[in-house]
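Please open the model in a viewer and keep the sequence panel at hand. The tour below proceeds by selection, and each stop states what is to be found there.

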Amino acid sequence: DPVPCMIEPEHEPTGDQREVLEQLEPALDKKIFYPLLLHGVTGSGKTEVYLRAMQRVLDRGGQCLYLVPEIALTAQLYDRIRSRISSPPAMLHSGMTDAERFDAWRLIRRGGIKVVVGARSALFAPFCDLGLIVVDEEHDPSYKQEDGLRYHARDMAVVRARMAACPVILGSATPSL
């Protein structure tokens with residue numbers, strides 16, 4: 001049974017948020033590759049843009065991937081997303097058991113999971129209709145996988161978005177070069 005969560009009130013978007021969302025809308029609606037760097041200081045409302053863009057994708061039946069740099073951030077973000085988005089999110093990260101990951105992967109592939117919140121390994125989930133990728137705190141060095149298969153999840157998110165023909169939002173207060 002889902003644990004009840006605090007409902008986060010929806011805020012009226014600011015002028016800057018509206019401008020970004022208007023810029024994104026055609027790519028979200030037509031499923032077009034569109035990389036976007038969303039630069040804003042902490043507390044400036046980047047998450048509100050992510051949530052509204054995600055809801056737009058969900059409204060047309062697509063799936064969303066929200067990457068965070070650390071596994072510890074998935075739980076707090078999971079609750080925030082669950083309080084605002086029409087489709088319950090799933091978490092996907094290396095701290096889950098093999099059985100939990102397998103179940104999540106199977107549901108993602110079937111389209112039963114529409115929103116995935118996870119660390120860098122979530123990038124490889126088998127989405128059937130990926131409509132948006134969000135890379136929160138894109139500058140964070142935790143997105144680099146140093147052992148085993150080496151990759152940078154931020155860069156791979158852009159590649160995955162191009163392959164899926166969907167927008168990718170790279171958000172940061174201190175964008176990487």
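The stops that follow cover confidence, the strands, the cysteines, the aromatic pairs and two individual residues.

**Confidence**

Begin by colouring the chain by pLDDT, since this is a predicted model. The average pLDDT of the protein is 90, and 95% of the residues score at least 70. Next, select residues 1–7, where the pLDDT is below 50. In the model this stretch has eight contacts beyond near neighbours in sequence. Where pLDDT is low, the predicted coordinates should not be read in detail.

**Strand E2**

Select strand E2, residues 63–67. Five of the five residues of E2 are buried, so the strand is largely enclosed by the rest of the structure. In a regular strand the side chains alternate between the two faces of the sheet. Display the side chains of E2: Gln63, Leu65 and Leu67 point one way, while Cys64 and Tyr66 point the other way.

Which strands pair with E2 in the parallel sense? E5 does so over five bridges, and E4 runs parallel to E2 with four bridges joining them. To inspect the pairing with E5, select Gln63 together with Leu130, its bridge partner in that strand. For the pairing with E4, select Cys64, which stands opposite Val115.

**Strand E4 and the β-α-β unit**

Extend the selection to the whole of strand E4, residues 115–118. Both of its faces are covered. Val115 and Val117 lie on one side, Val116 and Gly118 on the other, and all are buried.

Now add strand E3, residues 89–92, which pairs with E4 in the parallel sense over four bridges. Within this pairing, Leu92 has Gly118 of E4 as its bridge partner. Add helix H4, residues 98–110, to complete the unit: E3, H4 and E4 make a right-handed β-α-β arrangement.

**The cysteines**

Return to Cys64 in E2 and display its sulfur along with that of Cys166. How many disulfides are there? The count comes to zero. For Cys64, the nearest cysteine sulfur is that of Cys166, 8.8 Å away. The converse also holds, as the cysteine sulfur nearest to Cys166 is that of Cys64. A disulfide would require the two sulfur atoms to lie within 2.5 Å, so a separation of 8.8 Å leaves Cys64 in no disulfide. Cys64 is buried, with a relative accessible area of 1%, and Cys166 is likewise buried, at 0%.

**The aromatic pairs**

A pair of aromatic rings is described by the distance of the centres and the angle of the planes. A search of the whole structure finds two aromatic pairs.

For one of them, select Tyr50 and Tyr66, which are arranged edge-to-face, at 5.5 Å centre to centre and with 85° between the planes. Tyr50 belongs to helix H2, residues 46–59, and Tyr66 to strand E2, so that this pair links distant parts of the chain, 16 residues apart. Are these two tyrosines buried or exposed? Tyr50 counts as buried at 0% relative accessibility, and Tyr66 counts as buried at 0% as well.

Then select Phe124 and Tyr151, whose ring centres are 5.1 Å apart and whose planes stand at 85°, so this pair is also edge-to-face. Phe124 lies in the loop between strands E4 and E5, and Tyr151 in strand E7, so the pair ties together parts that are 27 residues apart in sequence. Phe124 is partly exposed, with a relative accessible area of 35%, whereas Tyr151 counts as buried at 15%.

**Two exposed residues**

Select His39 in strand E1, residues 34–39. At 53% relative accessibility, His39 counts as exposed. Beyond residues up to four places away in sequence, His39 touches Ser172, Ala173 and Pro175. Draw a distance between the C-alpha atoms of His39 and Thr174: the separation is 7.3 Å, although the two are 135 residues apart along the chain.

Finally, select Glu22 in helix H1, residues 15–30. Glu22 is exposed, with a relative accessible area of 52%. How far apart are the C-alpha atoms of Glu22 and Arg110? They are separated by 31 Å, with the two positions 88 residues apart along the chain.

Notes:
Residues numbered from 1 in each chain as written. Predicted model: local features only at pLDDT ≥ 70, side-chain atom pairs only at ≥ 80, totals over all residues. Heavy atoms only, no water. Phe/Tyr/Trp six-rings, centres within 6.5 Å; stacked < 30°, edge-to-face > 60°. Buried < 20%, exposed > 50% of the residue type's maximum accessible area, 1.4 Å probe, protein only. pLDDT = per-residue confidence, 0-100. Contact = heavy atoms within 4.5 Å. Pairing = 2+ DSSP bridges. Right-handed = clockwise from strand over helix to strand, strands pointing away.
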